[in-house]
Amino acid sequence: MPAIRGPQSKSKARRHAAVRGLDLVHADLHSKKHLEQHLSSKAFEELPGGGLWYCVECATHYESEPNFVKHQKGKPHKRRVRQLKEEPYTQKEAEAATGLTTDNGRKKADEEMAIDVDVVEEDEVK
Ligand SMILES: [Zn+2]
């Protein structure tokens, strides 16, 4: 009998299933070499359906064509495609968001900030 609660339960297992990151899939979509490298990391005998039915966006193998076609019409796949249309965040952007910038970039950013403040003050006077 399958576990209802705990790490062995169906819902928990699905929630913690390893999913290929959006940044990696983004690279897969834009570089054929990147994708081939990922696919060749596993032996095709071990994959469901012999690795024939692979959804690049969701990084998932399917065991048959009907399953693959059904997946591509489904909500999770469409959601994933929508997410992939946006450029993935880079490490630099993430650091900039927390205020960590490189020394070269910081000076420029401060100057731009000062200009912005002046513009706002002029608007208020009028
Ligand atoms: Zn998909």
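Helices, as the term is used here, are DSSP runs of type H or I of at least four residues, numbered from the N terminus. In the predicted model, leucine 84 lies in one such run, helix α5, which spans residues 75-85. The protein as a whole has 7 helices and 2 strands, and from the N terminus on these elements follow one another in the order α-α-α-β-β-α-α-α-α.

Of the 126 residues in the protein, 6% are buried. Where contacts between residues at least 6 apart in sequence are considered, 28% of them join residues at least 24 apart.

Leucine 84 provides an example of an approach between residues distant in sequence, since its C-alpha atom and that of histidine 26, 58 residues away along the chain, are separated by 6.4 Å. When residues up to four places away in sequence are left out, leucine 84 touches Leu22, Val25, His26, Leu29 and Glu57. Leucine 84 nevertheless counts as partly exposed, because it has 18 C-beta neighbours inside 10 Å, whereas a buried residue would need 20 or more.

A further local feature concerns alanine 59, which is placed in the loop between strands β1 (53-55) and β2 (60-62). Most residues other than glycine have a negative phi. Alanine 59, although not a glycine, has a positive phi of about 55°. With 19 C-beta neighbours inside 10 Å, alanine 59 is likewise classed as partly exposed.

Definitions and conventions:
Residues numbered from 1 in each chain as written. Predicted model: local features only at pLDDT ≥ 70, side-chain atom pairs only at ≥ 80, totals over all residues. Buried ≥ 20, exposed ≤ 12 C-beta atoms within 10 Å, placed from the backbone. Contact = placed C-beta atoms within 7 Å.
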